[in-house]
Amino acid sequence: MGGTKRRPYGATAKTRQMVLAALGVVKVATAEQIRQLMCPGTASAQTVRNGCLDLGRDGLVESLGSASRTNAAGNLVSEKLWNLTGPGLEAAAAVLDRPVREMGGTARGAARSGAKHAVKVTDTLAAFLQTPPEPTRPVPRKQSQPATTALPSALADNDPASAPAAAQKRPQGLGRISSWATEVVLPVSGTLTTPGKNSPRADAVLTVPEAGVPVMFVEVDNGTESPLALAHKAGRYREFFRRTVKPSPSPHSHVQTGESVAMWETFYGPLGREGYPPLAIVFTKQVGPAAMNNRIKNVMRLAEAYWAGQYCEFEFDTSYGSDERDGYTDYADAVPILVTTLGRLREHGPLGPVWFRFGHRTWQALTDALDNPDDVRGFRRREAQRDQLRQQKRKQEEEQREREIREARKHWVAQQAAAEAARKPDPVCQKCDGPLESSRFEADPLEDAAPPADGAHCAGCRIQLAEPTSLFGRVIRRLVNGDE
């Protein structure tokens, strides 16, 4: 492509900005890696290489070393490593819209030494981003350039360029290049510029709150550290997560004045869930399945104190002669540790089933791996179900008691009716049809004056029947009784 006196390599402004943005984040990378990060749809890394060369003439980037890789043919090839200069760091800060103080260093030392670890960090970021290849318009060039290729989904970790870009269909990625920061200091004491001893330095930090990942810390393992060293690194992360500060008053802050808050939260905001931010470990060294499983198991065992959480058990008296036990795991002081391999990330993307969360049973997608199904939320759901069952049981018992009461009342009424029907009727007076005998609760005053009971008449009627009916008899009765 034709250049100008100022831009002899013909790099466009867009290409130069892409190079600055990529190197501003990853600090050191080859032209092919920058292409994978920013513009995998281009047919050749020469476009990026030209951008690096033009930026080099401006004193913004430089190449102080090289990195080696094995190509598809099995040959060892060497590629230039590019890094920013001091002025280039400021230019990258402007492109990324970040303060210069947050940009870190220029990685000149790493570039001189071949930057083996930094190269794998860059590969990891590319596997996270899965930048979609955008179709580009062919441009005329003075000389034909060998085409480089996009990452295939099923290739080995050490072969990042061996399939046609047009045929590559990438899985869904996560975030943009501006969502990342590398070599981030996490002070367990001291400050960001002068951190205390044992303060971890994250290989990479991802912030994609719009995708449900407010922050994720990423460690890239090349197989050079022991499982014990990786486990201790998780412990240093927890020390940083435990650190609290009193933030400066802000009208937009969710923290009350005078209230302490975790330092990491002042940098990245709240997670929206319980616990600390996740720590993702990406294993980049190619080993067999058995060796990889052993390494993961060893790290998991040695770091258990940092990720396992605290189990809280409760005993419930069911009041029916048996006790029920249940509980939940408190993850408030636990570091969620997720592991994966670079090969899995490349093949399935960060949203695929590529994550193994320490404490979980299987490989999961990111959302499931970040979830804590055995935390207090599940316990509360089960407790609500238990309350509902207890209420249903109490209701059933009350309904049963009411049915028993109704049945007993119904039985009693039936018994009374039967007894009433079986009882002989009280005798009545043949003359007045009134009660033949006086009540046993209240004596009839006429009984004393009445003739003896005859079994047919009441006392009053017996008195009337005993009265004389003749005129002479009535006169005699009045004389005897003193009636006027």
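**Chat: helix packing, a sheet and two loops**

Trainee: Where do I start with helices α1 and α4?
Mentor: Helix α1 (residues 13–26) packs against helix α4 (residues 86–96) at an angle of about 105°, and their axes are 8 Å apart. Axes here are lines fitted to C-alpha atoms, for helices over the stretch in contact, with angles from 0 to 180 degrees between N-to-C directions. Helices (H or I, at least four residues) and strands (E, at least two) are DSSP runs, numbered from the N terminus.

Trainee: What do you call that angle?
Mentor: α1 is roughly perpendicular to α4, as angles of 65 to 115 degrees count as that.

Trainee: Which residues make the contact?
Mentor: From α1, Q17, L20, A21, G24 and V25; from α4, G88, A91, A92, V95 and L96. Contact means heavy atoms within 4.5 Å.

Trainee: Is this a predicted model, and what should I keep in mind?
Mentor: This is a predicted model, where local features need pLDDT of at least 70 and side-chain atom pairs count only at pLDDT 80 or more, while totals for chains, interfaces and linings use all residues. Residues are numbered from 1 along each chain as its sequence is written, and side-chain values use heavy atoms, with hydrogens and water left out.

Trainee: New topic: what order do the strands take in the open sheet?
Mentor: The 3 strands run β1-β3-β2, with antiparallel pairing. Two strands pair if DSSP finds at least two bridges between them.

Trainee: Which strands stand at the edges?
Mentor: β1 (28–29) and β2 (61–70), each with a single partner strand, so one side of each has no neighbour in the sheet.

Trainee: How many bridges join β2 to β3?
Mentor: 8 bridges join β2 to β3 (residues 76–84). As one case, E62 has N83 in β3 as its bridge partner.

Trainee: Any odd backbone angles?
Mentor: Most residues other than glycine have a negative phi. A107, not a glycine, has a positive phi of about 60°, and N198 has a positive one near 70°.

Trainee: Where are those two?
Mentor: A107 is in the loop between α4 and α5 (108–112), and N198 is in the loop between β4 (180–185) and β5 (201–208).

Trainee: Buried or exposed, that N198?
Mentor: N198 counts as exposed because its relative accessibility is 51%, whereas A107, at 22%, counts as partly exposed. Buried means under 20% relative accessible area, exposed over 50%, partly exposed in between (1.4 Å probe, protein chains only).

Trainee: And what's buried in α7?
Mentor: The buried residues of α7 include L230, Y237, F240 and F241.

Terms used: Parallel < 35°, antiparallel > 145°, perpendicular 65-115°, else oblique.
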